[in-house]
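Visitor: Please give me a close look at a single part of this structure, and work outwards from there. I would like to know which cut-offs stand behind each term as you go.

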Amino acid sequence: MLQNIFFGLSLGAVYSLIAVGFALVFNILKFSNFSHGGVMSFTAYAGYLAYIWIFDGKVTGVAMFVAVVLTAAVVGSLTAVGIERVGFRRLRSNQAPVIYYFISSITLGILLENIITIFASSNFYSYPVFFSSKNVDLLGTSFSVADFVTLLFSTAALGALLFVLYRTKLGLAVRTVSFDVNTATLMGIDPNRVVMATFALSGALGGISGVFLGMNYSLYPQLGQLVVKGFIASVIGGLGSITGAVIGALLLGIIEVGLIGLVGSGWMPACVFVIMLVFLLVRPRGIAGVIVQEKA
Amino acid sequence: MRNQRFLAKTLLVIPLIWSGIAMAGEIVLGNLQDLSGPTSVLGNAVTRGAEVAVEKINAAGGFKGDKIKLITADTKGNVQEAIKAFTRLVDHEKAIAVLGPPVSNIGLAIAPIANEKKIPVVGSFIDPRVTVQENGEPQPSMFLIQPTSVQYAEIIASYANEKLGYKKFAVLYDQSNAFAVSMLKPFKAYIEKRGGSVVAEETYTKSDKDYRAQLNKIKGAGADVLYIPNYTQDLVITVKQAKQIGLNLPMVSGLDAAPPFASLVGDPEATNNIYFANNFSDKEPQLAEVRNAYKAKFNEDPINKAYLGYDKVTVILKAIELGGGASGPQIINGLSQVKDVQGTTGILTLSPKTHQPVGLSMVMYKIDNGKYQEIGRYVPESHK
Amino acid sequence: MNSSIATPSTCGLLEVSGLSKSFGGVKAVDGFSFDAKPGEIVGIIGPNGAGKTTVFNLVTGVYTPDSGSVRLDGVELSGWRQDVIAREGIGRTFQNIRLFKGLSVLENVMTASDPYAPYNFLSAILSMPAKRAADRQATGQAREYLDLVGLGGMEEARPESLPYGLQRKLELARALAIRPKVILLDEPAAGLNPSEVREFIDLVRRLHERFNFTIVFIEHRMEVVMNLSHKLFVLSFGKLLASGEPEVVRRNPAVIEAYIGDEE
Amino acid sequence: MSYLTVQDLHVSYGPVQALRGVNLHVEEGAIVSIIGANGAGKTTLLNTLSGIVKARSGSVLLRGKPLPERACNIIRAGMAHVPEGRKIFPGFTIEENLMAGAYIVDDKQLVEQRRNAMYARFPILAERTLQQAGTLSGGEQQMLAIARGLMSDPGLLLLDEPSLGLAPLVVKAVFELIREIRDKGGKTILLVEQNAKKALALCDYAYVLENGAIVLEGKGEDLLSNPAIRKAYLGAEDS
Amino acid sequence: MDYIYSILTLTGITMIGVMGTYMVTGLTGQFSFGQAAFMAVGGYVSAMLTLRFNLPFPVVVLAGSVAATLTGLLVGMPTIRLRRDYISLVTFGFGEAIISVLNNSAQLTGGAEGLVGIPKRVDLPLVAVSVVCCLFLVACYKNSKFGRQSLALRTDELAARSMGIDVNRMKLVTFLFASAITGYAGVLYAFYSQYLEPGYYNWTVSAEWLIIVFVGGINSLTGAMVSAVILTGLPELLRFASAWRILIYCIIVLLIINYRPNGIFGDWEISRLWKRRKAVQGGRA
């Protein structure tokens, strides 16, 4: 039982990084950003290339891990900012309906995935082993160092994000724009720069997720399709809410693992659907909906 | 509106201009592969292997003086795309034979068309339904150059059961993956016929990335061995997570455990005590030339699908020789007569009754602490 | 002075009493009551933020009132769904024109009669005679309404391509087409220039003469208010401040104060 | 010298003319109010000044210089806008709202200093710095909005209907506050108000806006007794 | 010529599938992210009935469409009132659930290995006739009170309600009709390709259909159809570019979304040409 909850949580931790990157953009532009999946695939490979071309032989172990993660985060930021420029900037100045952002993001996701397929897909790749593969036993559950690091790093990344959002001027600007663009402008905040910054943050998270996915699951172009888990989690969590996305992701992880134990893995997706349906009927605003309602 | 009409007209005209017309003295082989979909790694490997073969033949003056032209069409891993791509290769590019994909679903989808058009497809789609119809007749145009999933699964099952002495099996497979599913049923049937049993059967689907809950259930089931007939990227996750939860069972798998699998895992302790059956042996002399040519051209090691791609070209050319001409029906005729042809993956004999190879052995390997050890070719008694 | 407007009869058609609604602790409407007799034209005025549009939204079911009742012809409507209330016979226009952009001018008006169109799904997809006849009739009626408001000949235009004044008229035609017993106009003259305002007043009078329905409107252009209304209700801070004949109301010191503010 | 000069400002929303050639001047240190009925174009005027709405033609000069092109830079030129309906950030704490107001100020010490000054001036806010702003009462929200507007220490403060939806006692407090901001803070204030009497009593100079055009202007106390004001609000006496 | 035929046939089937997406997204503004699942339901139900009970083709066609409609009812009833993003999530989840059920009921459906042995009952003429018929039905629907009310509620739900339109009911009716049409596309596909597999119906197909509708024009059936032809044909034209073709495809889609924000056709319909002519004639009379 405890073991299963732990599995669920660590799976949820992976999902939550994705979901938060996803929710960040929703927070500002109010659409589900499916290009986030493309960013994850892209950065997973970028991190790998950085390892092969730059860091290999220079650093090892944890230092290598940090180097790769940082590179991926930077590449992710740049990619996401580029995506905003190519896919959404014009739509914003045209004040296009949200639906167009959505379509644009799906197309960009496919585009990135395809770029990887063209350049990197006649073989499998994987990251080097960053950590000792020893298991740690704790409270009757056993988990690997990599798992632990994933959990730790996800928490740290989310913590850093929350710090940025709630303790820095940039975060203040992001939250302000998310509430009302015009009023934010009156405060002297440039919405374009805030949107770019948001994409950069989201991209950095995408980069970190990408490395984790690559590290745990090896590299292949469709890696980023795991973005759908982020989508589910952030909708359950209450769209646009960062904490909601985290809770939604952890919940999704636990539910998935729990269902595998209960009904077997074959029926799991169908059961997840039914649970999701019932949940949305009972609580159409998602978990964090309470907070949203209180605001009104 | 005028612009749009112009656009539409232009779009309609382009395919007519782009007509592929086969040149005289040229043999056009179609290559139907997944270049951009979920199994693009496999499709790209087949393509590169085939390119190596074609390049080698053309460099030596072509096949009986005719240059070989390989035209590759992408299926996106999607059967509807595959149908379009296949008809294009045949009707438009005038391919006289097609190198099939290593994916059975696509084989199943194009079989009716290939039969109708009498264009042979030589593939590595292991689902026996691709090559043999429900009534027991062979699919006239479909040929397989590696063991079927039944043969393949039986080779693995037989080895695990008879050579290694395992009785109680656990299985973990991707329920949404046709390859994995097709490798499961015959395996179970073979094991159960021999008095063994499957004590735990767990599944996952394509979008799942965490199998620890399943592995944990398997852990408590008291199995001797774990059978994992899945794609490479899944195997990587499986062994890593098995180690994490302290599941120390030996494992048996298909050729997806072949290199670079162990190096992808990168953890010798996790890749321990794993047996698998592959199509080829690195030690066999016929391989070296292909491997070197491949490495020289693409600067990477070929994976097993690349050898199969190479062999598909070899077999088709052999069939042209045997059938007496380079037309679809002649090649089909020739393919039924393929006997004792040396391929990179073994000595091929195709049965005219099933269009499947007969008595093709596979090469057993063991991974010990991340190191591959070749055990040798194996074929169960019942296949001989 | 408003002799051209038909005299209303005596019993109430729309009776709203004790209407209250708060949003997050702020009382937007607080026990407001008003009534309109058949054929009467009633104006609701009040300073910015007094809750006028909220009253309309409560009457038409956009919001559910916290308390109070809305009765049309003696039937209690509060708590009903918006579309049911509309079908009961309350039509409305909006402060910021809300036309259907994907539809032509004609189709915009037709949507009003569509909920009653006497044909089923099967006739619709097969374009059976019943459907065609019904649509032909609906088209005819819609054209009539368009002619009435002066939009004849613009049936196929897109609403967003019309000048602003015509968009207001189109919205009016669309509201008329549901054949309401009561029509609620939310700042119908907003954004119109003075000549358009005069034209608009004439138009409303003409329509009223012809259909003799009840009109309740919110307006801040005093020209419109004074020219059209039989009766005025003044709303301030969600509460009824004054009511009665227009001339009397506008001399009411409390009303003047609410509008112009108090002095020290 | 005229602190703010608006010349022949025209604004349209699509086909609707919202402002038709507005001219006005605001002297340094003055309180100038713009009064008019609902829909006369008062809010549009302020939104155009602060760049949220783009003018079709006309010019706006602040201390003789044209305003920056982009809306987000206008506050840097020394003009802060307290929008209609207050628009405080409801999910933020009071402290965060003030910080948002000081977004353009980079000097942390300065921000802290100003924040403390605001708390000193608005004790009601100081009591609950960590409370969510959305839970404040209307009057408190208005105080917060004004305080937020002052955080950038603007030379000119635009106030849009500060009395909207507030009870008379609270309105009185808000108007006293506005006077204090001018008298003690030395700010120039452009006030848009519907509450004409209050606004006229407070201001030095006033403009009456009707249908997007200035119809009347004069000193506050002069207009206060002018019967035309009533007409602007409640229509012609004789029609 | 077979090549052209097969492309035309499959394009025709896609066109019918896209009609479903067009109705849900173009008419009522909902975001169906699992439209392909209805195709799966239609295809599998009809194919299984044929394989197990050998029912005549017309009967299974009907059964397939009805099954898709009933599934639509099951999904639509509880969810149609939810807001847009939730509808996309629910339809998405539904699509995944259908795939998992198909994979998991291998005895019935063949599971991931797919269903083989479906007789060939569909050819180009039948598909062509189907496209014309479905187009007729959908165009009539759009042009009826149902279409008008759907379009009205798409642009402005509040205003639509105030016109007496029962918004939820109208959304549901359109959703069901779309399910039926998409289900029919599924039947055609099953009996053309003679092979079905669950993996084909995943969300990327639904997403592709959405892209098609948007490229064609936010609110134009004509546009949706033209863009279905172009965007399913385009990859064929680009085959010479093999691996690059999806890339080119994406870039073209992005250019259209960015530089022609209402899609190729906006809300223009081909029937307007005809209407205008009639209006001109009417004017003369």
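Guide: Happy to! Helices (H or I, at least four residues) and strands (E, at least two) are DSSP runs, numbered from the N terminus. In chain D, helix α4 covers residues 108-121 and holds R115(D). This is a predicted model, in which local features need pLDDT of at least 70 and side-chain atom pairs count only at pLDDT 80 or more, while totals for chains, interfaces and linings use all residues. Residues are numbered from 1 along each chain as its sequence is written, chains are lettered from A and ligands numbered from 1 in the order in which they are written, and side-chain values use heavy atoms, with hydrogens and water left out.

Let us begin with R115(D). Buried means under 20% relative accessible area, exposed over 50%, and partly exposed in between (1.4 Å probe, protein chains only). R115(D) counts as buried because its relative accessibility is 17%. Contact means heavy atoms within 4.5 Å; setting aside neighbours within four places in sequence, R115(D) is in contact with E95(D), L98(D), M99(D) and M151(D).

How far can you trust chain D? pLDDT is the predictor's confidence in each residue, from 0 to 100. Chain D has a mean pLDDT of 88, with 97% of its residues at 70 or more. For the complex, the predictor gives an ipTM of 0.86 and a pTM of 0.88.

From here we can step out to where chain D meets chain C. Chain D brings 27 residues to this contact and chain C brings 21 residues. Buried area is the accessible area (1.4 Å probe) that two parts lose on being put together, summed over both; here that area is about 2,400 Å², with 54% from carbon and sulfur atoms. A salt bridge is a side-chain nitrogen of Lys or Arg within 4 Å of a carboxyl oxygen of Asp or Glu, and zero of them are found across the interface of chain D and chain C. On the side of chain D that touches chain C, β2 (16-27), α8 (196-202) and α10 (227-234) of chain D each give two or more residues. Of these, α10(D) gives the most, with four residues. Nonpolar (Ala, Val, Leu, Ile, Met, Phe, Trp, Tyr, Cys and Pro), charged (Asp, Glu, Lys and Arg) and polar (the others, Gly among them) are the classes used. That side of chain D has 11 nonpolar, seven polar and nine charged residues.

Chain D does not touch every chain: the nearest C-alpha atoms of chain B and chain D are 26 Å apart, and those of chain D and chain E are 19 Å apart, also without touching.

Salt bridges do appear elsewhere, and over all chains the count comes to 56. In chain B, K84(B) and E81(B) form one at 3.7 Å, N to O. Both lie in helix α3 (residues 79-92) of chain B, three residues apart, about one turn of the helix. K84(B) is buried at 2% relative accessibility, and E81(B) is buried at 8%. R129(B) also pairs with D127(B), with the closest N and O atoms 3.0 Å apart; R129(B) is partly exposed at 24%, whereas D127(B) is buried at 3%. In chain C, D30(C) and K27(C) meet in a salt bridge of 3.7 Å, N to O. Finally, salt bridges with shared partners join R81(C), D83(C), R87(C) and D166(E) into one network.
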